[in-house]
Protein chains: 2
Amino acid sequence: MTSSPSERFDVVILGGGPAGHACAVEASACGRSVAVIEASELGGTCLNRGCIPTKLFLGATDCVHELAAQAKMRVASGSIAIDLPALQDRKAKMLAGNRQAIEKDLSARGITLLRGRGTVVAPGMVDVVTAEGTVRVEYGDLVVATGSRPTAFPGMTPDGDRVLDSDGILDLSDVPQSMVIVGGGVIGLELGRFFARLGTSITVVEALDRLAPWEDPEVSKTIAQLCKREKWTIHTGKRVASLVSDGGRARLVLESGDEILAEVALVATGRGPVTEGLGLENAGCRLDRRGFVTVDERLRAADHVWAVGDVNGKAMLAHAASHQGAYVARCISGCDTGNYTPGPMPWCIYGAPETMRVGEMPAELEARGLHPRVSRAMLAANPIAQAHASVQGFVKIAWVDGRVHGVTAVGHGVAHLITQATIMVRDGWTAEDARRIIWAHPTLDEALRHALTADTTDA
Amino acid sequence: MTSSPSERFDVVILGGGPAGHACAVEASACGRSVAVIEASELGGTCLNRGCIPTKLFLGATDCVHELAAQAKMRVASGSIAIDLPALQDRKAKMLAGNRQAIEKDLSARGITLLRGRGTVVAPGMVDVVTAEGTVRVEYGDLVVATGSRPTAFPGMTPDGDRVLDSDGILDLSDVPQSMVIVGGGVIGLELGRFFARLGTSITVVEALDRLAPWEDPEVSKTIAQLCKREKWTIHTGKRVASLVSDGGRARLVLESGDEILAEVALVATGRGPVTEGLGLENAGCRLDRRGFVTVDERLRAADHVWAVGDVNGKAMLAHAASHQGAYVARCISGCDTGNYTPGPMPWCIYGAPETMRVGEMPAELEARGLHPRVSRAMLAANPIAQAHASVQGFVKIAWVDGRVHGVTAVGHGVAHLITQATIMVRDGWTAEDARRIIWAHPTLDEALRHALTADTTDA
């Protein structure tokens with residue numbers, strides 16, 4: 001039973017993360033009445049438990065990495081102590097400030113924010129359980145933007161004691177002496193780098209045959225080399241049989257029988273969609289075998305129901321989510337009648353080294369029956385990388401018929417190349433195009449320029 | 001008298017800096033026989049006494065700046081000692097390595113390197129005074145790429161004691177307790193930032209009414225605010241009457257009569273062309289009233305004589321020099337018959353804050369009778385700036401008729417925006433264009449994106 005007469009909105013959005021926020025802003029700009037339903041915190045995983053806190057942790061400890069690099073060259077000496085509780089305070093304040101900014105933004109645009117858990121009770125109708133009781137809202141269009149949460153395989157379920165997921169690790173106020181990380185992807189690498197800078201001894205267990213397994217194999221190789229140089233222990237191609245808290249430690253047993261003990265374990269094996277209890281079946285949605293909401297080429301889950309962001313499983317990235325959210329708002333408003341064609345998707349891993357990737361790499365191009373060629377430039381020749389005493393890494397370009405189809409890089413600060421590379425991939429630059437602008441000197445960007453103008457070889 | 005029969009080259013280049021090197025590489029690639037005459041060090045000012053050593057010094061001390069920023073937030077504590085003699089050693093090795101790389105590159109391309117001082121003795125003929133005697137070479141085309149050197153106004157001539165130019169300052173191995181810098185431009189700011197990180201107390205005297213006077217006034221204002229926050233003493237609109245070494249100190253007297261004493265003074269008031277003793281008059285060259293070689297719209301100084309880089313005074317930038325050098329090589333080879341149209345020129349100042357600028361700013365656009373509008377995004381809202389605890393600054397865009405004509409920025413790491421902004425200015429992006437790519441999140445680039453999509457106001 002609802003306690004008040006229901007209100008109707010053109011667009012009701014389940015979830016106030018990047019996808020929901022962007023959708024709300026765009027739909028409102030198109031003149032639609034919009035309500036956002038958020039059961040937890042505005043900003044979603046990205047702001048509260050993902051991109052933003054990890055970037056804060058890495059940015060705040062950049063001094064540790066920079067000092068270590070110069071100390072190796074015997075140019076600098078000294079010591080830095082990071083106050084993790086103070087950093088956690090700073091994180092809490094910064095995230096709260098950003099959440100308030102989102103709330104103000106919604107309010108300034110006349111978007112209604114309903115704080116509570118929303119459930120579709122019938123097509124066109126959502127009940128929201130708020131602190132003040134249940135509110136019923138009717139929608140013209142429903143946008144499901146409920147995001148994702150960490151998932152774990154059986155036998156290694158985070159228990160909140162010594163076995164944690166990324167949410168738990170991000171809230172630690174004591175620096176562990178040792179950490180075993182299950183999963184060598186972006187979450188494991190970024191959090192491992194942060195704790196390594198605080199002095200934690202890092203061990204990574206990755207079931208596939210290399211770290212960052214979705215990156216170009218050469219990038220994975222450089223990442224592994226640099227992790228090993230920083231004394232990480234890396235186990236690739238190893239599967240976990242069990243991971244439990246045991247007497248104040250995390251005890252990990254590999255399928256091989258080998259055992260790894262650490263003060264804390266991070267399970268970073270992936271993320272799954274948040275769909276339970278939303279009544280999506282009442283809206284006509286279907287889930288795929290992994291549990292993600294099935295969408296068509298316009299991101300439609302059912303008639304007048306759309307799913308955007310992590311919950312549709314297309315690309316688990318905040319910027320993909322917000323891009324999808326804005327697209328669907330334009331679809332609902334009739335401003336966009338085409339299929340969803342996002343163009344080249346940028347991917348980055350932060351810390352040291354950074355990685356960036358956009359477009360298709362040689363393996364993907366070959367799988368499509370194409371015959372890519374590649375060109376490279378080494379960061380060793382770049383004066384900015386030299387100045388930061390971090391010369392490992394490269395920029396690598398995948399070409400088809402003389403046009404750029406993909407760019408990847410690994411090394412000092414290379415995430416800064418991502419937007420220019422996105423433009424180059426989208427526009428299919430030729431080597432000659434690289435000569436049609438003046439590149440500032442000295443910049444990291446010149447490594448990209450040199451890769452663009454370097455001789456190509458077979459992939 | 002020459003000691004051996006003269007050798008003839010299609011292209012003879014006076015100077016092996018960025019302009020000469022790029023010209024040699026391109027001319028050689030076009031099938032021309034090429035000789036480079038270098039009296040001093042390959043790499044020119046940029047490599048040996050300019051961009052590269054300053055970037056090394058700033059990169060090597062980035063840890064000091066990053067620690068200070070986090071210490072202000074009480075997230076980090078500690079201390080860092082920079083070993084300046086060790087850094088000078090590293091500089092010497094790094095520059096030597098880069099010079100060797102250039103020499104190898106020339107050799108691998110079959111380009112002749114003549115080490116010595118070249119003088120045009122008659123049209124088509126250059127004598128080179130080498131360690132082994134004088135060599136005469138004949139040219140089809142002569143390219144003057146002799147660069148620039150620091151200049152000083154009367155009354156403040158560097159004396160190699162306490163009054164130094166940038167060449168002298170870059171070789172210091174003792175950290176001065178105090179430094180007075182005459183000239184608040186890029187050289188003064190970058191070197192001041194480096195020594196401030198080493199603990200030197202900095203005073204800047206600038207004759208014009210603001211620091212970085214060729215930048216957008218809002219950028220100058222932010223630079224000054226941050227310099228003052230770091231305890232710099234800034235005198236703008238003050239002219240120097242005299243600056244001399246006096247009893248182991250630099251003694252500067254302003255025209256107002258006020259006196260400034262410092263352990264060392266840096267004269268960074270500008271740079272002038274290197275033309276003396278080159279016999280340019282024998283090649284038919286003329287110099288303008290400032291002493292720069294006069295060139296036409298194809299960078300021609302006389303029949304079959306060209307002048308590129310700092311020596312023509314068009315843009316005292318390494319990347320402008322190399323761009324001009326490559327253009328002239330194509331002109332000589334008949335591959336380019338158009339006038340020199342470089343497109344948008346990027347400018348950066350490094351350190352903290354960084355600045356970038358490309359295209360035309362509102363003042364320039366208004367001077368052309370246009371009616372620019374501007375949009376801005378503050379770095380305070382950017383998560384990468386937040387993570388580095390350096391949130392002062394902004395990105396500012398100048399628009400004409402809804403298209404980007406210029407971009408500038410000041411703040412943490414903004415030089416990384418320069419290439420993407422160069423593309424946007426060249427292609428005259430609209431706000432809508434910013435929606436046609438996916439921008440990675442979180443990145444500094446998003447500040448540029450927000451400026452592109454922000455509301456515009458009158459300039």
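Colleague: Before we turn to the two chains, what makes a pair of residues a polar contact?

Modeller: A polar contact is a pair of N or O atoms within 3.5 Å, where, within protein, one must be able to donate a hydrogen and the other to accept it. In this predicted model, the count between chain A and chain B is 19 residue pairs that satisfy this description, with both residues at pLDDT 80 or more.

Colleague: How many salt bridges cross the interface of chain A and chain B, and how do you know?

Modeller: A salt bridge needs a side-chain nitrogen of Lys or Arg within 4 Å of a carboxyl oxygen of Asp or Glu, and across the interface of chain A and chain B that rule finds zero. The side of chain A that touches chain B does hold ten charged residues, alongside 38 nonpolar and 16 polar ones.

Colleague: How do you know which residues of chain A are in contact with chain B, and what area is buried?

Modeller: Contact means heavy atoms within 4.5 Å, and by that criterion 64 residues of chain A are in contact with 64 residues of chain B. The two chains bury about 5400 Å² between them, with 63% of it on carbon and sulfur atoms. On the side of chain A, Val75(A), His416(A) and Ile438(A) lose the most area to chain B, together 14% of what that side buries.

Colleague: What makes β3(A) and β3(B) a strand pair?

Modeller: Two strands pair if DSSP finds at least two bridges between them, and β3(A) is joined to strand β3 (residues 76-82) of chain B over seven bridges, in the antiparallel sense. One of the facing positions is Ser77(A), whose bridge partner in β3(B) is Ala81(B).

Colleague: Does β21(A) pair with β24(A) or stand unpaired, and how do you know?

Modeller: With at least two bridges required, the two antiparallel bridges between β21(A) and strand β24 (residues 457-458) of chain A satisfy the rule, and Arg373(A) has Asp458(A) as its bridge partner in β24(A). Strand β21 (residues 373-378) of chain A is also joined by six bridges to strand β22 (residues 393-400) of chain A, again antiparallel, with Ala377(A) opposite Val395(A).

Colleague: Why are β19 and β24 of chain A said to stand at the edges?

Modeller: The open sheet has six strands, in the order β19-β20-β23-β22-β21-β24 of chain A, with antiparallel pairing. Each of β19 and β24 has a single partner strand, so one side of each is left without a neighbour in the sheet.

Definitions and conventions
Residues are numbered from 1 along each chain as its sequence is written. Chains are lettered from A and ligands numbered from 1 in the order in which they are written. This is a predicted model: local features need pLDDT of at least 70, side-chain atom pairs count only at pLDDT 80 or more; totals for chains, interfaces and linings use all residues. Side-chain values use heavy atoms; hydrogens and water are left out. Buried area is the accessible area (1.4 Å probe) that two parts lose on being put together, summed over both. A polar contact is a pair of N or O atoms within 3.5 Å; within protein, one must be able to donate a hydrogen and the other to accept it, and residues adjacent in sequence count only if both atoms are side-chain atoms. Ala, Val, Leu, Ile, Met, Phe, Trp, Tyr, Cys and Pro count as nonpolar, Asp, Glu, Lys and Arg as charged, and the others, Gly among them, as polar. Helices (H or I, at least four residues) and strands (E, at least two) are DSSP runs, numbered from the N terminus.
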